[in-house]
Amino acid sequence: MTSRITIIGSGFAGMWAALSAARARAQAGRGPHDLQITVISPHPALVIRPRLYEAALDEMTPDLQTLFERVQVRHVAAGVERIDRAARTLHLVTTQGHGRATETYDRLVLAAGSVLNLPPIPGLQDHAFNVDQIEGARALDRHLRALAREPGLYARDTVVVAGGGFTGIETATELPQRLRDLFGASAKPRVVLVERADAIGPDLGPGPRPQIEQALRELGVGVRTGVAAAAVDPGGLMLEGGERIDARTVIWTAGVRAHPLAEQIAGERDRFGRLHVTAELRVKGLADVYATGDVAFAATDDAGHHALMSCQHAIALGRAAGHNAAADLLGLPAHPYRQEKYVTCLDLGAWGAVFTEGWDRQVKFQGMEGKQIKRTINTQWIYPPQGDRDAVLAAADPSIPVVA
């Protein structure tokens, strides 16, 4: 009788979960007739989400169909509408034709990722842009290109980035050169970064802050801290307290939450909606459901650190979840998730980048030296594995550290 692992999502965690499950199946000397591995997502593609702040979007959705076929993983082009845990059945809306379908599972791996957090700020959903998903990044690009055909006025040449965290900083520091490229050498673009906390990059801590602040100054990015957005309209952003920034472009980058599908799984959650999981990445209290990537609240070590919503953690989480779901059905040893080494590499546009190590984020490289590391990460490290079947399966080994 065929056992079934069904993985929801083909992002970093979902893709690596599928490859790791296929690796475990091969290790056990089994094939698809023994263990069927299915990935459900609207398209067989990996969105390179960490790069969506960039201008060039052509290589941000590498196709996964050939990769999945190489390791005998089945893909279903659909979105999951409802999870019926009692019947171990997923109710789907298919991508083509919006038809209905169902998929059953013996082990479910929830790798649905995260969604942009949009608080109930008037006008936010209707008038703000984002770089959270490929559709949003493309909409922003079309908007900026359309503005380039208009006369150069203050509001046209001003962009407000709301949210001074990782994504907000990378977006804001990329924009000055991007706007000059679009609007022409005579344009005087203004970028304003707004953060409600008292300092830029509040979650990044004080370690890389001097480099971030230096880059913002040298790139001419204005900074407003200690203020929050109150309303967005087609002509700008209103701040709490009544101040207004006239701008034809407002980009929202202020945080993400676990995908709403996580709410359909019974279990304890953190403040971002992520499900608490065991070391094997099972949802606590459930024998047949694993959570991974941005929907998992997972301990990385014994020092109290937990995985962040980042591809760095999603890759290792995916490998562990896929292996453990397969191992559970095949009688193989589990591989507890651990990811003790943590680094950050923050792109700072034309200034360079800053690379840190450890949870206290000690700066190791900066400027152009940091930029070279960032380019390697962004163009090689986070892309799907290459090579034949054996090479792909070898790359999915959950014991391989993402950061050595």
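Colleague: I take a salt bridge to be a side-chain nitrogen of Lys or Arg within 4 Å of a carboxyl oxygen of Asp or Glu. How many salt bridges does a search of the whole structure find?

Modeller: The search gives 23 salt bridges. This is a predicted model, in which local features need pLDDT of at least 70 and side-chain atom pairs count only at pLDDT 80 or more, while totals for chains, interfaces and linings use all residues. Residues are numbered from 1 along each chain as its sequence is written, and side-chain values use heavy atoms, with hydrogens and water left out.

Colleague: Which side chain does Asp-141 meet in a salt bridge?

Modeller: Asp-141 pairs with Arg-178, at 3.3 Å from N to O. The two are 37 residues apart, Asp-141 in helix H4 and Arg-178 in helix H5. Helices here are DSSP runs of H or I with at least four residues, strands are runs of E with at least two, and both are numbered from the N terminus.

Colleague: Are Asp-141 and Arg-178 buried or exposed?

Modeller: Both are buried, meaning under 20% relative accessible area; exposed is over 50% and partly exposed is in between (1.4 Å probe, protein chains only).

Colleague: And Glu-170, which residue does Glu-170 form a salt bridge with?

Modeller: Lys-374, with the closest N and O atoms 3.1 Å apart. Glu-170 is in helix H5 and Lys-374 in helix H8 (residues 367-381), so this bridge ties together parts 204 residues apart in sequence.

Colleague: Why does Glu-170 count as buried?

Modeller: Because its relative accessibility is 3%. Lys-374 is buried as well. Beyond four places in sequence, Glu-170 touches residues including Pro-50, Tyr-53 and Cys-345; contact means heavy atoms within 4.5 Å.

Colleague: What about Arg-25, how far away is the nearest side chain of opposite charge?

Modeller: That is Asp-34, 7.5 Å away, and Arg-25 has no salt bridge although it is buried. For charge, Lys and Arg count as positive and Asp and Glu as negative; His and the chain ends are not counted. Arg-25 sits in helix H1 (residues 12-27), and its side chain reaches the backbone oxygen of Val-71 at 2.9 Å.

Colleague: Back to H4. Why does its length agree with what is expected?

Modeller: Helix H4 (residues 134-147) has 14 residues and should span 20 Å at 1.5 Å a residue; the end C-alpha atoms are 20 Å apart, so the two agree. The expected span is 1.5 Å times one less than the number of residues. Its buried residues include Ile-134, Leu-140, His-143 and Leu-147, and among the elements covering the buried residues are H5 and strand E14 (249-252).

Colleague: Different topic. Which residues touch the most other members of the largest nonpolar core?

Modeller: Ile-7, Ile-83, Leu-90 and Leu-281, out of 105 residues. A second core of 17 residues lies apart from it, with Leu-116 and Val-192 among its members. A nonpolar core is a set of buried Ala, Val, Leu, Ile, Met, Phe, Trp, Tyr and Cys residues joined through side-chain atoms within 4.5 Å.

Colleague: Last one. Where does Asp-198 lie?

Modeller: In the loop between strand E9 (190-195) and helix H6 (209-219). Asp-198 counts as exposed, because its relative accessibility is 73%. Leaving out residues up to four places away in sequence, Asp-198 touches Thr-225 and Gly-226.

Note on methods
Polar contact = N/O pair within 3.5 Å; in protein donor to acceptor, adjacent residues only side chain to side chain.
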